[in-house]
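Please look through the sequence and the coordinates below before reading on. The paragraphs that follow walk through selected places one after another.

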Amino acid sequence: MRYRTRVTAPAALLGTVAALSVAAPAHADPETGTPGPETLGDPVFPSLGNDGYRVFAYHLDLAYDATPRLVDATATLTLTTTQELSRLSLDALGLDVHEVLLDGVPAAREQAGEKLRITPAVPLAARTPATVTVTYTADPRAALAHTAWVPTPDGFAICPQPNTAHTVFPCNDHPSDKADFTFRITVPAGLKGVASGHLVSTEDLGDGRTAYCYRSREPIATEIVQITVGDYVIKDRQGPHGLPLRDVVPTARATALEPALALTPNLVSWIEQRLGAFPFETYGLLPCNNDASNAFDFTGLETQTLTLYKPNFLLQAEKSIGSHMMHELVHSYFGNSVSPATWSDLWLNEGHADFYGLLYRYERGWADSLGLTTMEARMKDTYARGDQWRKSSGPVAAPNEANLFDSQRYLGGVLVLYALRQQVGESVFSAIESTFLDRFRNASASTGDYIAVASEVSGTDQSGFLGDWLYGTKTPRMPGHPDWTVTPVSSALRQPQNRTDGHWHDNSATL
């Protein structure tokens, strides 16, 4: 982004809902035209996302000023309409929008709730390309209803999952609309800017500032984008088959964190033997410089190519962190390469991440949080809780916003995968996994898609079997274990951990 003098609105106005417009002649009337729907109808977040177009690419140009700790930014979206549009909308919250251009021409704009409405001078025809450019300022420390920003003493990182990427940049904030990303991050002397993907250029701007440019080889869902600024050292190493690995580490903590970072090559080798070649151009960890309890309320987040962690977690012994590091690595396959079609499909992400994370743990003889040392023992315990969890948290594939990230999506998802493996055998189960990953690579997939692949590969209709496991209100019989029993529902039984504030929390059995 070209450096410019910032005219900043008062802090109290940043992030407020305001109706803003710019003069432009002969604007279309959205009341008589065809405004795009301001939702994609997600069953968990019904107001999230926008219809009437699909985004092909984002270019995010951010400049961080360390004195006011603000970010001046320009987001350029390349999209294609799917219908005639007299108005289109983007998800946006807490962004002080200065200007909106549509194909280079100023467009009328309005910020309403968490939507940025854009009205072109002439309606956009269906099936045509368009470019939307939004210039804005963001405050990473703004008090918002929910936010992706993680402020640090020397900059910030972001944790957009599940529905907060639009507090960082205006977007179609839904995993079903994945897009290509490029980033330009301008920072003052002493700081580095890093983003998802690989570094393509570094430019010394000659005034004490440096611009770092990144590009992702594969498309990214908005909820797993990573952008970070800080006093970092970049630690490069080689993974299996020459895979470049890079960790982005607070300079002052680089030596202390090295034992954990050095685990990654072997982790990648282990998962590649089970799920195939790593799907992205690089991988690494970002232990961002903030261990505060209110920095973010989770242990790790699988932002694409660069997993976000709190540094103190990674200072523990390998047996305390290795299983969860595998959990986050597995998300590169389930969740990132193949994204959920809707948020009700989250079990595909978390169930698989915990499934392979637990296999990794037990293979090494590390006891889990219950003191158990085999997958069979842990699944027997989980099976006994099945009816209680279905009553208190709903079926595995039918979450709501309040219980989206509770144990039913994690361990409950593992139990479904374990049951399927018991039903079809280990070799067929492995073929189902690889077929699903190959078929939906760089796209989004639903629970129905997984059931269809399981049926196709196994040669037997699995819709009834998996339907009962995923949507039933009672826990089905476990194949191969007729002696396993389900504990009757009781209010005294421990329920899945959950929260009602919509934020992340740790329910992974790999911790």
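Where does D297 lie? In this predicted model, D297 is found in the loop between strand 18 (285–287) and strand 19 (300–301). With a relative accessible area of 23%, D297 is partly exposed, since the buried class is reserved for values under 20%. The C-alpha atom of D297 is separated by 9.8 Å from that of K310, a residue 13 places away along the chain.

From that loop we turn to a strand and its surroundings. S89 has its place in strand 3 (residues 88–91) and, at a relative accessible area of 2%, is buried. The side chain of S89 makes a polar contact of 2.6 Å with the side chain of N50; N50 also appears among the residues that S89 contacts beyond four places in sequence, a list that comprises P37, E38, N50, Y53, L116 and R117.

Two of those contacts, L116 and R117, have numbers that fall within strand 7 (residues 115–119), which leads to the hairpin. Strand 7 pairs with strand 6 in the antiparallel sense over 5 bridges, and T119 in strand 7 is the bridge partner of A108. The hairpin leaves 2 residues between the strands, and G113 in the turn has a positive phi of about 60°. Strand 6 (residues 108–112) is mostly covered, as 4 of its 5 residues are buried.

The aromatic side chains offer another route through the model, which holds 23 aromatic pairs. One of these joins F45 and W343 in an edge-to-face arrangement, with 6.4 Å from centre to centre and 90° between the planes. Because F45 lies in the segment before strand 1 (53–65) while W343 lies in the loop between strand 21 (338–340) and helix 4 (346–363), the pair ties together parts that are 298 residues apart in sequence. F45 counts as buried at 6% relative accessibility, and W343 is buried as well, at a relative accessible area of 0%. Y360 and W366 form an edge-to-face pair too, because their ring centres are 6.0 Å apart and their planes stand at 75°, an angle that falls in the class over 60 degrees. Both Y360 and W366 are buried, and R364 lies over the face of Y360, at 3.6 Å from the ring centre. A comparable placement is seen elsewhere, where the charged end of R274 sits over the ring of W270, 3.8 Å from its centre.

A further group of rings, made up of F334, W347, F436, F440 and Y450, forms one aromatic cluster, and some of its members reappear in the nonpolar interior. Of the 69 residues in the largest nonpolar core, those that touch the most other members are I271, W347, Y356, L420, F436 and Y450. Helix 7 gives the most to this core, with 9 residues. A second, separate core of 65 residues includes L102, V225, Y232 and A295. Returning to W347, and leaving out residues up to four places away in sequence, this side of the account lists its contacts as H352, V396, A397, R409, G413, V416, L417, T447, Y450 and L470.

Helix 5 (residues 375–384) completes the walk. Its buried residues are M375, R378, M379, T382, Y383 and A384, and these pack against helix 4, helix 6 (386–393), helix 7 (407–424) and helix 10 (463–471).

Definitions and conventions:
Residues are numbered from 1 along each chain as its sequence is written. This is a predicted model: local features need pLDDT of at least 70, side-chain atom pairs count only at pLDDT 80 or more; totals for chains, interfaces and linings use all residues. Side-chain values use heavy atoms; hydrogens and water are left out. Rings of Phe, Tyr and Trp (its six-membered ring) pair if their centres lie within 6.5 Å; planes under 30 degrees apart count as stacked, over 60 as edge-to-face and the rest as tilted. Buried means under 20% relative accessible area, exposed over 50%, partly exposed in between (1.4 Å probe, protein chains only). A charge sits over a ring if NZ of Lys or CZ of Arg is within 6 Å of the ring centre and within 35 degrees of the ring normal. Two strands pair if DSSP finds at least two bridges between them. Contact means heavy atoms within 4.5 Å. A polar contact is a pair of N or O atoms within 3.5 Å; within protein, one must be able to donate a hydrogen and the other to accept it, and residues adjacent in sequence count only if both atoms are side-chain atoms. A nonpolar core is a set of buried Ala, Val, Leu, Ile, Met, Phe, Trp, Tyr and Cys residues joined through side-chain atoms within 4.5 Å.
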